[in-house]
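Open the model in your viewer and keep the sequence panel in sight. Each stop below gives you something to select, then tells you what is there.

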Amino acid sequence: MLRIDSATGNYLFTSCEAGFSLYGTVVIKIKACKTVLNHTASNRNISVKIKSCKCKATASINEMSSVRNFSLSDGRTDDSVCVCQ
């Protein structure tokens, strides 16, 4: 689960299965219907691409200190519910 505050860039990523969380602030770039969010630090790389006109999104989360990699994909961002299941 990835939550992003579009006003501040603050994010919270939680892997419900792994019991793992990361938080920080992404840089947000918006061009027409495409939004790109990135955060690179010494211990992580977060990359998110949102195509708002198509209601689709993908994300890649790489946490380097424990070598954890996560990929997210949402084909219907207009009906998403952020809850660990």
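**First stop: a pair across two strands**

Select Y11 and G24. Y11 stands opposite G24, which belongs to β3. Keep in mind as you look that this is a predicted model.

Now select all of β3. Its two faces differ in cover: F20, L22 and G24 make up the covered face, while S21, Y23 and T25 make up the uncovered one. Step along the strand and the residues switch sides. In a regular strand the side chains alternate between the two faces of the sheet.

**Zoom out: the whole chain**

Show the chain as a cartoon. What will you find in it, and how many strands are there? There are eight strands and zero helices. Read along the sequence, the pattern is β-β-β-β-β-β-β-β.

Next, the overall dimensions. Along the principal axes, the C-alpha atoms fill a box of roughly 35 × 30 × 20 Å. The radius of gyration is 13 Å; a compact globule of 85 residues would be near 12 Å, so the chain agrees with that expectation.

Switch on the surface. The accessible surface comes to about 5,700 Å². Carbon and sulfur atoms account for 52% of that surface. Of the 85 residues, 26% count as buried.

Colour by charge. You should see 11 positive and 6 negative side chains. The centres of these two sets lie 10 Å apart.

One figure on contacts before you zoom back in. Take the contacts between residues at least 6 apart in sequence: 19% of them join residues at least 24 apart.

**Second stop: β1, β2 and β3**

Select residues 2–4 and 10–15. These are β1 and β2, which run antiparallel and are joined by three bridges. Pick L2 here: its bridge partner in β2 is F13. Five residues lie between the two strands of this hairpin. Among them is G9, with a positive phi near 85°.

Add residues 20–25. This is β3, antiparallel to β2 and joined to β2 by six bridges. The hairpin of β2 and β3 has four residues between the strands. Look there for G19, whose positive phi is near 65°.

**Third stop: T25**

Centre on T25, in strand β3. Which residue of β2 is its bridge partner? The partner is N10.

Is T25 buried, exposed or partly exposed? T25 has a relative accessibility of 40%, so it counts as partly exposed. T25 also sits on the uncovered face of β3.

Show its surroundings. Beyond its neighbours within four places in sequence, T25 is in contact with T8, G9, N10, Y11 and H39. Draw a distance from T25 to T8. They are 17 residues apart along the chain, yet their C-alpha atoms are separated by 7.6 Å.

**Fourth stop: β7 and β8**

Select residues 56–63 and 68–74. These are β7 and β8, paired in the antiparallel sense over seven bridges. They form a hairpin with four residues between them. In the turn, V67 has a positive phi of about 50°.

**Fifth stop: L72**

Stay in β8 and centre on L72. Its bridge partner in β7 is A59. With a relative accessible area of 29%, L72 is partly exposed.

Display the contacts of L72. Not counting residues up to four places away, L72 touches L2, F13, A57, T58, A59 and I61. Two of these names should be familiar: L2 and F13 are the bridge partners from the second stop. Then check T58. L72 and T58 are 14 residues apart in sequence, and 5.5 Å apart in space, C-alpha to C-alpha.

**Last stop: two loop residues with positive phi**

Most residues other than glycine have a negative phi. Here are two that do not follow that rule.

Select A32, in the loop between β4 (27–31) and β5 (34–41). A32 is not a glycine, but has a positive phi of about 55°. Its relative accessibility is 74%, so A32 counts as exposed.

Move to C55, in the loop between β6 (44–51) and β7. C55 is not a glycine either, and its phi is also positive, at about 55°. C55 has a relative accessible area of 22% and is partly exposed. The cut-off for buried is under 20%.

Definitions and conventions: Residues are numbered from 1 along each chain as its sequence is written. This is a predicted model: local features need pLDDT of at least 70, side-chain atom pairs count only at pLDDT 80 or more; totals for chains, interfaces and linings use all residues. Side-chain values use heavy atoms; hydrogens and water are left out. The radius of gyration is taken over C-alpha atoms; the globule rule is 2.2 Å times the number of residues to the power 0.38. Buried means under 20% relative accessible area, exposed over 50%, partly exposed in between (1.4 Å probe, protein chains only). Contact means heavy atoms within 4.5 Å. Accessible areas come from the Shrake-Rupley method with a 1.4 Å probe; for residues, only the protein chains shown count as cover. Lys and Arg count as positive and Asp and Glu as negative; His and the chain ends are not counted. The place of a charge is taken as NZ of Lys, CZ of Arg, CG of Asp or CD of Glu. Two strands pair if DSSP finds at least two bridges between them.
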